[in-house]
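Okay, thanks everyone, I'll keep this short. Let me put the structure up so we can walk through a few spots together.

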Amino acid sequence: MRKPKRQYGSPEALEAALTRTYNNLFNKYAEVSHPPKTLYHYCSEGVMRNILLYSCSLWASEITSMNDPDEILYAFSDLLPTVMGAGMNSPFTRDFVKEQWAKVCVHIACFSNAELPSQWERYANKGTGCAIGFDQCTLKEWCLRQRISLFPTNYDRSRQEDMIRSFRTNVDRITQGLLNKWDSPAARKTLREKATKYLFSLAMTVKTEHWREEGEWRILMMQPKTETLTCKHAFTSLKRDDGVCYFALPICLPSLVTEVVIGPRCSTDSEMLKRQLNDAGLSSVSVRQSSMPVPALDSRDLEINMPV
């Protein structure tokens, strides 16, 4: 029997249509058909030990405190204004987006899809640090259970524009459906705020072409600043000494961590580290020394303490 055509007979139905639009676009533009088996988190040796042997957790840092200042500027100062344009019918205006961004708390944890010289150089103290390998498939399943996202970063400008343009077109259509049937300020406000949240989430999947080599993947946590993160298991919210907030993600489990790669310039004894991992309940985690070539270390270079 042929199913009857879906009728959007309420504001709630339009909200559901908006959610489907977001999910479809996220799956199309922020997913890959052949994901890597392992995702690597690069860090200093000391941070690696703290993550695996002591705290047993990885930080999801507040995005405004990240090392790359373009994390937000590119999406909100370049991509979105270019695609969204001016004088649009959609619920997004420059002032509204700025107002809503101030209400949102965004945290991310970063990974790379491969062992790369640039990652050793930038994020593991010029090769003197380590990389923690996580099973991508199992980590994604873990994130889904927590109702948070794990995805690869999109560096392709044309695909980025297609994604945002498609989102705007669908939001315009859904908004018009609301205006044609209900003149409810409360319904319009709810729809607009939900659409903006989804827009922000899509914006967090993009970076400039300049960073393509990093092959970055992200765990994304986003929620209103006035609310507790909605997830199956509450994460611990902590503050660094400088006041920056972060969430401790309890992902340092035998089912998730697969290996520790000792940096090409790191002097850590692999056998001793393996024994320490065994004692910490991570006996299934392998340890190896990287043979990846990195640029020669300048004697003037100073060790940079990277956040977890």
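So, let's begin with Phe26, which counts as buried at 8% relative accessibility. Keep in mind that this is a predicted model. Tyr22 is buried too, with a relative accessible area of 10%. These two are four residues apart in helix 1, residues 11-29, so about one helical turn separates them.

How many aromatic pairs do we get? The count comes to seven. Take Tyr22 and Phe26: their ring centres are 5.8 Å apart and the planes sit at 45°, so we call that pair tilted. And there's a cluster here, made up of Tyr22, Phe26, Phe151 and Tyr198.

Staying with Tyr22 for a second, one of its contacts is Ser201. Ser201 sits in helix 8, residues 185-203, and at 7% relative accessibility Ser201 counts as buried. Leaving aside residues up to four places away in sequence, Ser201 also touches Leu220 and Met222.

Okay, over to the strands. Is strand 3 mostly enclosed or open? Eight of the nine residues in 104-112 are buried, so strand 3 is largely enclosed by the rest of the structure. Strand 2, residues 58-62, runs antiparallel to strand 3, with two bridges joining them. If you want a register marker, Ser61 stands opposite Ile108 in strand 3.

Last stop, for the cation-over-ring fans: the charged end of Lys207 sits over the ring of Trp211, 5.0 Å from the ring centre.

That's my tour; happy to rotate the view for anyone.

Definitions and conventions. Residues numbered from 1 in each chain as written. Predicted model: local features only at pLDDT ≥ 70, side-chain atom pairs only at ≥ 80, totals over all residues. Heavy atoms only, no water. Buried < 20%, exposed > 50% of the residue type's maximum accessible area, 1.4 Å probe, protein only. Pairing = 2+ DSSP bridges. Contact = heavy atoms within 4.5 Å. Phe/Tyr/Trp six-rings, centres within 6.5 Å; stacked < 30°, edge-to-face > 60°. Lys NZ or Arg CZ within 6 Å of the ring centre and 35° of its normal.
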